[in-house]
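Student: Please take me slowly through one part of this structure, chosen so that I can follow how its pieces fit together. I would like to look closely at the side chains and what surrounds them.

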Amino acid sequence: MSNKWEEIKELLGQTLNSGVCRVWIEPLRARWADDVLTLVAPNDFVAGNVRARFLSHIAEACETLCSGKVQIEIQVDPSPKSFSSSLTKVTVQRQRERGLPLEHAVVSSPVSPCYQFENFIVGSANEMAYVASQSFSRQNSAHGGGQIFLSSAPGLGKTHLVQAIGNEVFRSSNKSCPRIAYLSAEEFARQMVMAIKGRRIEEFKTRYRENTDVLLLEDIHFFQGKEKMQAELLSTIRYLQQHGRKIVFTSCFLPAEIADLDPHLVSRFCQGFISVIDRPDFETRMRILENKACQVQVQLPVEVQELLAHNLQNDVRQLESCLNNLIAKARLLKEQICTELAWSVLKNYSIEVRPDMEKIVRSVCEIFSVSEEAIRSKSRSKLNVLARNTAFYLARKHTTLSLAEIGKHFNRNHSTVIKGIANVERDVNLKTAEGMRLAQTMERFQL
Ligand code: ADP
Ligand code: MG
């Protein structure tokens, strides 16, 4: 069997890039015992990454090359601090023979053990989603199934929370193993099409209805405009709801924002708790960085932490990736992590610093050569009005303040703010002389 691992690695080399294989697959040592493949990683970091990112690839390669069932375990050698491997045991059943029931042909526990509630950093932007997800996953299903809809811009933690739910449901169920189906809307649609083609639609239905206790379905906006799939999903949801099963949906959009969606489906999506995750504030970003660095036993100088947290505001995925790149670069160059090194990594990211109200007001005053008192005053001089309207417009563009809150900054009510924004928008859109000048100045001031 020892050559089998070499064959598996060779196959992995064809689907993963060579750098990835060198860093994550090569360091693994394989041990076979009957149908169990134990992969021993040199440390927690490698083991965690392999589990999170490559287990399904390894499982797929096993499925292709081995006959019969193979169970894969990832262990850490020799540290006893490894993650529990119970969640990462994967049973792969060869699906060569036609007619094998669909439900046996999938990886049984696909949620990553890396996504837990414990390592999700909570701040005001995500607190509601966090609390709702946690209580949802601990709720005894005897009290009804329940449903959650998580929505946010990309990279703000939907997948983390939905998988944490999966892990928690699994852990807190003291009786039989709950049947958790975790997949993207796209994968659901793909499996449905394959099932139709293979005349196995009944098996598909059974899998996601009778055989599912918890459905975790990601990125449901994929169903937009796909009528047939929407109909299948609607029937699945109806079944699961009627039978007290749990459902979690995620999407970058709110149900009502998704175009070409059957109103019945919109109504079903809206039935449970809808929670929006916003961009984390500075303090939360600082804690996320601290936590991620700590996980890989790195201590970040506070000025570096502040630099990253200040410059990468909109996407935790980017924040995390920048940190990982910084750590990797420091290790490769055998250098200390410092602000200079951090800048060299940061410049590869699209730094999008959103100006806050203070910066907006300061810049506008500079552009129009007016005082802050003047734009907050009752003055209706042409220059002051233009400056004030520009500030309204920029505040709307860059901050999450409501119209009323923006107005409050300038002692105006919200209908004045709307009028002001509309005037600036018209100038910018019609490219009037005023609008052109404004657009140029905004670019120069990076607004
Ligand atoms: P989404 O699904 O919304 O696009 P993800 O859940 O994939 O975003 O999050 C992107 C990355 O950022 C993941 O590695 C996730 O662990 C991390 N992340 C997001 N929010 C948090 C948070 N509040 N605490 C810790 N990690 C987070
Ligand atoms: Mg996601």
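Tutor: A polar contact, as the term is used here, is a pair of N or O atoms within 3.5 Å, and within protein one of the two must be able to donate a hydrogen and the other to accept it. Keep in mind throughout that this is a predicted model. With that in hand, look at Ser344, whose side chain makes a polar contact with the side chain of Lys329 at 3.2 Å. Ser344 has its place in helix H13, which runs over residues 339–346, and it counts as buried because its relative accessible area is 18%, while buried means under 20%.

Before we come to the part I would choose for a close look, it helps to see the whole chain. It has 19 helices and nine strands, and of its 447 residues 46% count as buried. Among the contacts between residues at least 6 apart in sequence, 70% join residues at least 24 apart. The chain exposes about 23,300 Å², of which carbon and sulfur atoms supply 50%.

The part to dwell on is the surroundings of ligand 1. There are 18 residues around this ligand, and those that come nearest are Ile121, Gly155, Thr159, His160 and Glu320. By class, the shell is made up of seven nonpolar, seven polar and four charged residues. Three helices each supply at least two residues of that shell, namely H5 (158–172), H10 (282–295) and H12 (316–333). If you now follow individual atoms, you will find an oxygen atom of ligand 1 at 2.7 Å from a polar backbone atom of Gly155, and an oxygen atom of the ligand at 2.5 Å from a polar side-chain atom of Glu320. A nitrogen atom of ligand 1, in turn, is 2.9 Å from an N or O atom in the side chain of Lys292. On its own, ligand 1 has 560 Å² of accessible area, and the protein covers 93% of it.

Let us follow H5 outward from the ligand. This helix has 15 residues and reaches 21 Å from its first C-alpha to its last, which is close to the 21 Å expected at 1.5 Å a residue. Since 11 of its 15 residues are buried, H5 is largely enclosed by the rest of the structure. The buried residues include His160, which you have already met as one of those that come nearest to ligand 1, and among the others are Leu161, Val162, Ile165 and Val169. What do the buried residues of H5 pack against? Their partners are helix H4 (127–138) and the strands S5 (147–152), S6 (180–184), S7 (214–218), S8 (246–251) and S9 (273–277).

The other two helices that serve the shell lead us to loops. In the loop between H10 and helix H11 (302–311) you will find Gln297, which has a positive phi of about 55° although it is not a glycine, and which counts as exposed because its relative accessibility is 66%. In the loop between H12 and H13 sits Lys334, whose phi is near 55°, again a positive value in a residue other than glycine. Lys334 is exposed, with a relative accessible area of 77%.

As a companion to H5, consider helix H16 (residues 382–398), which has 17 residues and reaches 24 Å from its first C-alpha to its last, close to the 24 Å expected. Here 12 of the 17 residues are buried, so H16 is largely enclosed by the rest of the structure. Tyr393 lies in this helix and is buried, with a relative accessible area of 13%. Leaving aside neighbours within four places in sequence, Tyr393 is in contact with Ile421, Val424, Glu425, Val428 and Met442. Leading up to this helix, in the loop between helix H15 (372–376) and H16, is Ser379, which is partly exposed at a relative accessible area of 24%. The side chain of Ser379 makes a polar contact with the side chain of Asn384 at 2.7 Å, and it also reaches the backbone nitrogen of Ser381 at 3.2 Å. Asn384 is itself one of the buried residues of H16.

How values were computed: Residues numbered from 1 in each chain as written. Chains lettered and ligands numbered in written order. Predicted model: local features only at pLDDT ≥ 70, side-chain atom pairs only at ≥ 80, totals over all residues. Heavy atoms only, no water. Helix = DSSP H or I, 4+ residues; strand = E, 2+ residues; numbered from the N terminus. Expected span 1.5 Å × (residues − 1). Buried < 20%, exposed > 50% of the residue type's maximum accessible area, 1.4 Å probe, protein only. Near = heavy atom within 4 Å. Areas by Shrake-Rupley, 256 points an atom, 1.4 Å probe, with all protein chains shown as cover. Nonpolar A, V, L, I, M, F, W, Y, C, P; charged D, E, K, R; others polar. Contact = heavy atoms within 4.5 Å.
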